[in-house]
Amino acid sequence: MGKWRKQIAALALGLAFVFPVVILVAGALQPNYSPVFDAVSALGTPDAVLPGLINYAGFGLAGVLMLVFVTAVYPVFRGDVLGVATAVLLTLTGISLIGVGLFHCDPGCPIAGASPMGMTHNLFGVALLLFAALTPWITAVYQKQVVGGRFVWLSLVIGAALLGLLVLLPAALWVGWAGLQERLFLLVYLVWLVMFGRSIARQLY
């Protein structure tokens with residue numbers, strides 16, 4: 001059983017590679033799209049070229065794969081309170097990814113004056129960033145207890161970087177660099193997720 005769970009977990013972690021590729025392809029297909037100034041969610045608005053690509057093959061698929069990963073490695077988490085907390089945060093991150101995809105933002109992705117659909121998208125987006133930023137901090141304590149401190153300092157540094165990027169989000173929106181902020185956040189988080197996921201998957205038996 002452990003072998004199959006490891007294989008499933010490894011496949012699920014493919015989200016760290018598939019999601020960025022989908023973003024790159026969708027951005028390349030969208031005329032006059034800037035990865036620095038335009039939010040990732042702008043690729044999923046109703047007036048985008050292929051909104052379903054980023055909403056379903058991007059956010060939606062990444063969220064489903066996150067849930068599959070948590071399900072595969074849950075036997076490692078379930079014996080420890082912090083492990084369960086880690087599983088919960090990863091699950092909430094996966095649900096938030098799915099929510100961001102199911103509820104697209106309005107054209108231009110406004111915050112003020114957004115439609116109910118756009119407001120729901122924005123709420124899921126904030127939840128996604130918050131859960132993703134908090135997870136490395138919880139796992140740093142968990143890893144110290146369970147895997148002998150491996151990646152503990154890395155998780156703390158990455159957690160600090162993610163929280164810093166989250167705090168800078170209003171400034172990024174104000175200067176119009178939402179795309180750059182989102183991509184930096186995504187890159188840092190996915191690098192951490194792959195490293196953490198591999199360390200956890202090795203403990204399956």
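Start by selecting valine 175, which sits in helix α7 (helices are DSSP runs of H or I with at least four residues, numbered from the N terminus). At 46% relative accessibility, valine 175 counts as partly exposed; here buried means under 20% relative accessible area, exposed means over 50%, and partly exposed is in between, with a 1.4 Å probe and protein chains only. Before you click on, know that this is a predicted model, where local features need pLDDT of at least 70, side-chain atom pairs count only at pLDDT 80 or more, and totals for chains, interfaces and linings use all residues. Residues are numbered from 1 along each chain as its sequence is written, and side-chain values use heavy atoms, with hydrogens and water left out.

**The nonpolar patch**

Keep valine 175 selected and add Phe37, Trp174, Trp177, Leu180 and Leu184: with Val175 they make a nonpolar surface patch of about 680 Å². Patch members have over 30% relative accessible area and no salt bridge; like charges are joined within 9 Å, and nonpolar side chains (Val, Leu, Ile, Met, Phe, Trp, Tyr) within 5 Å. A salt bridge, for this purpose, is a side-chain nitrogen of Lys or Arg within 4 Å of a carboxyl oxygen of Asp or Glu. The areas come from the Shrake-Rupley method with a 1.4 Å probe, and for residues only the protein chains shown count as cover. Now colour α7 (169-175) and α8 (178-201): each supplies at least two residues of the patch.

**Along helix α2**

Next, select residues 15-29, which form helix α2. Its 15 residues should span 21 Å at 1.5 Å a residue, and the end C-alpha atoms are 21 Å apart, so the two agree (the expected span is 1.5 Å times one less than the number of residues). Which residues of α2 are buried? Pick Leu15, Ala16, Phe19, Val22, Ile23, Ala26 and Gly27. These cover an arc of only 135° around the axis, which puts them on the same side of α2; the arc is that of the directions from the helix axis to the C-beta atoms. Spin to the face turned away from the buried side, and you meet the exposed residues Phe17, Leu24 and Ala28.

Step off the helix to asparagine 32, in the loop between α2 and α3 (51-77). Asparagine 32 is exposed, with a relative accessible area of 81%, and its phi is near 60°, a positive value in a residue other than glycine.

**The disulfide**

How many disulfides does a search of the whole structure find? There is one, and you can see it by selecting cysteine 105 and cysteine 109, joined S to S at 2.0 Å. A disulfide here is a pair of cysteine sulfur atoms within 2.5 Å. Both cysteine 105 and cysteine 109 are buried. Cysteine 109 lies in the loop between α4 (81-102) and α5 (116-146), and has a positive phi of about 50° although it is not a glycine.

**Pairs from separate parts of the chain**

Stay with helix α4 and pick isoleucine 95, which is partly exposed at 40% relative accessible area. Add glycine 63: the two are 32 residues apart in sequence and 6.0 Å apart in space, C-alpha to C-alpha.

Leucine 82 is also found in helix α4, and is partly exposed at 23% relative accessibility. Draw a line to valine 141, 59 residues apart from leucine 82 along the chain, and the C-alpha separation reads 7.7 Å.

Finish at leucine 11 in helix α1 (residues 2-12). Leucine 11 is exposed, with a relative accessible area of 66%. Its C-alpha atom and that of leucine 65, 54 residues apart along the chain, are separated by 8.3 Å.
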